[in-house]
Amino acid sequence: MTTLDLFPDPAPGLPEPIGPRAVVLRGFALPCVEGLLSAIAAIEAISPFRHMTTPGGFTMSVALTNCGPLGWTTDRHGYRYRGTDPATGKPWPAMPALFGQLARDAASAAGFEHFDPDACLINRYVPGARMSLHQDKNEQDFGAPIVSVSLGMPAIFLFGGLRRSDRPLKTPLYHGDIAVWGAEDRMRYHGIMPLKDNPHPALGRQRINFTFRKAG
Ligand code: MD3
Ligand code: FE
C-alpha cells in the first residue's frame, strides 16, 4: 500500500495539464510565499476573514476576504462583486504589487498573456471546510482566465465539466501550487473536498486559496 506524500517538494517543472486550457503549476508560488503571507496579514487587518451567507441561507464553511478594486460577496440577496467591504463600508484593501505580478507571471506561463485582474478573492479553509461544485460566473469578462494560488494544508480539487452532472476529476493542490484556467475550461464546474486535518509545517491547520479574476 502506498500513501500520498502530503508535502512534496515539487520539481518546478512542466505545467501539468488538467484540461485543454487548464494547468497546475506545481510550486510556482514557493519563491514568494513569505511575501504573500505578510501581504495577507496586512489585508486581513483591514478586511477580516468572515463567513458569508448564501442566497439559500447557508453559512459558508470557508471564510473569505478580498483585495483589489472589486471583491466577491454573497448574502441572502445573491452573489455579486462590490467595490466596498460590506463589513466595514470601506473599499477593499489594495491589490499588493506582488499579487499582481505573480498572477501575470502564472497566467503567462499557462499561455494567457496580459492578464490584468481587478479582483482577488481570498478563501480560508480549516479542517472539514469544503466548497461544493459550482461555476464562477459572476464576472463580466469570461474571456479572461482565472489564476488560483494554494497555501498551507493540501486539498483535493474537483474538476468537473460544463454540466454539474459530469463526473469530476480529482487532483491534489499543495502549498505553493498555482492553477490557471481559461478559454473553453473557464466555465467548468469545480470544488474542494472537505479538508482533511493534515497540519502544515508553516501554516498549521489552515489552507488559504486566493483567486485572481477579471470581474468588472
Ligand atoms: C475552476 N475556489 O473561490 S480555486 C472559488 O480552492 C473557488 O478555494 C477553490 O473555486 C478554492 O470560486 C478552487 C482552484 C481552481 C483550479 C482550477 C479550476 C478552480 C478552477 C479550473 C476550472 C474552473
Ligand atoms: Fe470557483
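Two strands pair if DSSP finds at least two bridges between them. Helices (H or I, at least four residues) and strands (E, at least two) are themselves DSSP runs, numbered from the N terminus. This is a predicted model, in which local features need pLDDT of at least 70, side-chain atom pairs count only at pLDDT 80 or more, and totals for chains, interfaces and linings use all residues. Residues are numbered from 1 along each chain as its sequence is written, chains are lettered from A and ligands numbered from 1 in the order in which they are written, and side-chain values use heavy atoms, with hydrogens and water left out.

**Exercise 1. The seven-stranded sheet**

Task: work out the strand order of the open sheet of seven strands, and find its edge strands.

Solution.
- Step 1. The order is E1-E2-E11-E8-E13-E6-E3, and the pairing is antiparallel.
- Step 2. Strand E1 (16-19) and E3 are the edge strands, as each pairs on one side only.
- Step 3. From one strand to the next, the twist averages 20°. Here axes are lines fitted to C-alpha atoms, for helices over the stretch in contact, and angles run from 0 to 180 degrees between N-to-C directions.
- Step 4. Now add a helix: H1 (residues 33-46) packs on the sheet and touches E3, E6, E8 and E13. Its direction makes about 95° with that of E8. Contact means heavy atoms within 4.5 Å.

**Exercise 2. Around strand E6**

Task: describe the neighbours of E6, and decide how many of its residues are buried.

Solution.
- Step 1. Strand E3 (residues 63-67) pairs with E6 in the antiparallel sense over five bridges. Leucine 64 has asparagine 123 in E6 as its bridge partner.
- Step 2. Strand E13 (residues 207-213) also pairs with E6 in the antiparallel sense, over seven bridges. In this pairing, tyrosine 125 stands opposite arginine 207 in E13.
- Step 3. Follow arginine 207 across to E8: glycine 152 stands opposite this residue too. E8 and E13 pair in the antiparallel sense over six bridges.
- Step 4. As for burial, six of the seven residues of E6 (119-125) are buried. Buried means under 20% relative accessible area, exposed over 50%, and partly exposed in between (1.4 Å probe, protein chains only).

**Exercise 3. The iron site**

Task: which residues coordinate the iron ion (ligand 2), and where do they lie?

Solution.
- Step 1. The donors are His134 (NE2), Asp136 (OD) and His190 (NE2), at 2.0 to 2.2 Å. Donors are N, O and S atoms within 2.8 Å of the metal (3.2 Å for Na, K and Ca); water is not among the atoms, so sites may look incomplete.
- Step 2. Written along the sequence, the donor spacing is H-x1-D-x53-H.
- Step 3. Aspartate 136 sits in the loop between strand E7 (131-134) and strand E8 (146-152), while histidine 190 belongs to strand E12 (residues 190-192), so the pair ties together parts that are 54 residues apart in sequence.
- Step 4. Aspartate 136 counts as buried at 6% relative accessibility, and histidine 190 is buried as well, at 9%.

**Exercise 4. The four-stranded sheet**

Task: place E7 and E12 in their open sheet of four strands.

Solution.
- Step 1. The order is E7-E12-E9-E10, with antiparallel pairing.
- Step 2. E7 and strand E10 (169-173) each have a single partner strand, so one side of each is left without a neighbour in the sheet.
- Step 3. E7 and E12 run antiparallel and are joined by two bridges; methionine 131 stands opposite isoleucine 192 in E12.

**Exercise 5. Salt bridges**

Task: how many salt bridges are there, and what do some of them connect?

Solution.
- Step 1. Apply the rule: a side-chain nitrogen of Lys or Arg within 4 Å of a carboxyl oxygen of Asp or Glu. The count comes to 10 salt bridges.
- Step 2. Arginine 26 and glutamate 16 form one of them, with the closest N and O atoms 2.8 Å apart. Arginine 26 lies in the loop between strand E2 (22-25) and H1, and glutamate 16 in strand E1, so the pair ties together parts 10 residues apart in sequence. Arginine 26 is buried at 15%, whereas glutamate 16 is partly exposed at 32%.
- Step 3. Arginine 213 and glutamate 139 meet at 3.0 Å, N to O, and both are buried.
- Step 4. Asp136, Glu139, Arg186 and Arg213 are linked in a network of salt bridges. Asp136 is also a donor to the iron ion (ligand 2).
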